[in-house]
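User: I'd like a close look at one part of this model, with the charged pairs as the way in. Here's what I'm working from.

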Amino acid sequence: MARVWNFSAGPCTLPLEVLEEAEAEFVDYHGAGASLIELSHRGAEFTSVHHEALALARSVAGAPDDFDILFIQGGATLQFAMLPMNLLAGGRFASVSVTGSWSRLALTDGSHHGDLRVAWDGADHGYARMPAPGELDVPDDARYLHICSNETIGGIRYPEWPNVGVPLVVDMSSEYLARPIPWDLVDVVFGGVQKNLGPAGMAVVYLRRSVLAGANDDLAAYLRYSIHAAKESMYNTPPVFTIWMTGKVLRWMERQGGVGAIEAAAARRSAMLYAVIDEGWYRSPVAASDRSHMNVVWRLPSEELEAVFVGEAAGRGMIGLKGHRSVGGLRASVYAAMTDEGVGALVDLMREFRATHGGVV
């Protein structure tokens, strides 16, 4: 079959060799006479897969031994509630840097379950840049500062994670393991796997173990980090398929050279696209210093031309380029499994399209 170039913001494109490996194992997993997703999650086959995925999540990320790694169903959105539920016991409060749609949702959802205060809001700047370090208003007694390191919709990222004197809680969904994590600054790093690591259905949560000592345990069992940590993410039937595939992608990332190699590839591919945009006619709404390496957003002179571009791209086997409905425009997500060839095809189309339509406004 002819596979398309998938530039969607999520679910992500996955490495072809991982898909083919899963295909070969799917119906009869290693001679078991059944697929892995049919076998008991307490059986030897899945137990091995589960623990290997946990080990890979630690080794690929370089997570220190004092962090627990949790696989929790529900994606990053559930974490917007679980974080204040667990971490804001005893009347404590936290700060949130609102840099786009996902950090704004974290503030809105989390405020149902704890005292969250705005450290900075980029609304007056059109969410087109990240805050400078001195712009963040974070009291010394805040339990943590919540940031989204890369805003998928707006196409902006923190070039450097802020060091504000309180622990960071970082939503890393759309650049997960595509840049090094400064472990000394964070208490929690989390993200949905469907943008860089696997199929939808799960969040990976890195949790500093000391956090559990002061966590709120007056919660339903599944909402407690302490339960997931104590049960090694096996409190209930886990998302077997997602864990299986995420483990395969993590192993693939390891073969590519790990986080450093993934980071370099993302920087290279996004730079190819920004080079075309900066040649003119196309326009990036994002401050150059804060442009995402994962989600490249741009505008054309009119929405009509943007629709034509999306149609022509689809005709060439490039999908998922329409910008989020809340902001419009175009967006190319160049996650870990995207290739230079795929980005090169998009670059060629952008230059040809500009040559053909450059006089049309």
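Which residue forms a salt bridge with arginine 354, and how far apart are the closest N and O atoms?

Analyst: Keep in mind that this is a predicted model. The partner is glutamate 279, and the closest N and O atoms of the pair are 2.6 Å apart. As for where the two sit, arginine 354 is in helix H9 (residues 340-357), while glutamate 279 is in the loop between helix H7 (259-278) and strand E11 (295-298), so this salt bridge ties together parts that are 75 residues apart in sequence. The two ends don't have the same surroundings: arginine 354 counts as buried, because its relative accessibility is 17% and the cut-off for buried is under 20%. Glutamate 279, with a relative accessible area of 45%, is partly exposed.

Now for the wider set of charged pairs. Searching the whole structure turns up 20 salt bridges. One of them joins the side chains of glutamate 17 and arginine 255, at 2.8 Å from N to O. Here glutamate 17 belongs to helix H1 (residues 16-26) and arginine 255 to helix H6 (residues 240-256), so the pair links parts that are 238 residues apart in sequence. Both ends are partly exposed: glutamate 17 has 42% relative accessibility, and arginine 255 has a relative accessible area of 45%.

Another salt bridge brings together the side chains of glutamate 135 and arginine 129, at 2.9 Å from N to O. Glutamate 135 is partly exposed at 32% relative accessibility. Arginine 129 is partly exposed too, but its relative accessible area of 22% isn't far above the cut-off, since buried means under 20%.

Back to arginine 354 for a moment: that side counts as buried at 17% relative accessibility. There is also a group that goes beyond single pairs: Glu21, Glu25, Glu52, Lys248 and Arg251 are joined into one network by salt bridges that share partners.

If you want the nonpolar side as well, the largest nonpolar core has 65 residues, and Trp161, Leu177, Val186, Tyr206 and Met253 are the ones with the most contacts inside it. Leaving aside residues up to four places away in sequence, tryptophan 161 touches a mixed set of neighbours, among them Ile147, Leu168, Val170, Met172, Ile181, Pro182, Leu185 and Val186, along with Glu175 and Arg179. A second core, separate from that one, has 26 residues, including Met82, Leu87, Ala203 and Val211.

Technical notes:
Residues are numbered from 1 along each chain as its sequence is written. This is a predicted model: local features need pLDDT of at least 70, side-chain atom pairs count only at pLDDT 80 or more; totals for chains, interfaces and linings use all residues. Side-chain values use heavy atoms; hydrogens and water are left out. A salt bridge is a side-chain nitrogen of Lys or Arg within 4 Å of a carboxyl oxygen of Asp or Glu. Helices (H or I, at least four residues) and strands (E, at least two) are DSSP runs, numbered from the N terminus. Buried means under 20% relative accessible area, exposed over 50%, partly exposed in between (1.4 Å probe, protein chains only). A nonpolar core is a set of buried Ala, Val, Leu, Ile, Met, Phe, Trp, Tyr and Cys residues joined through side-chain atoms within 4.5 Å. Contact means heavy atoms within 4.5 Å.
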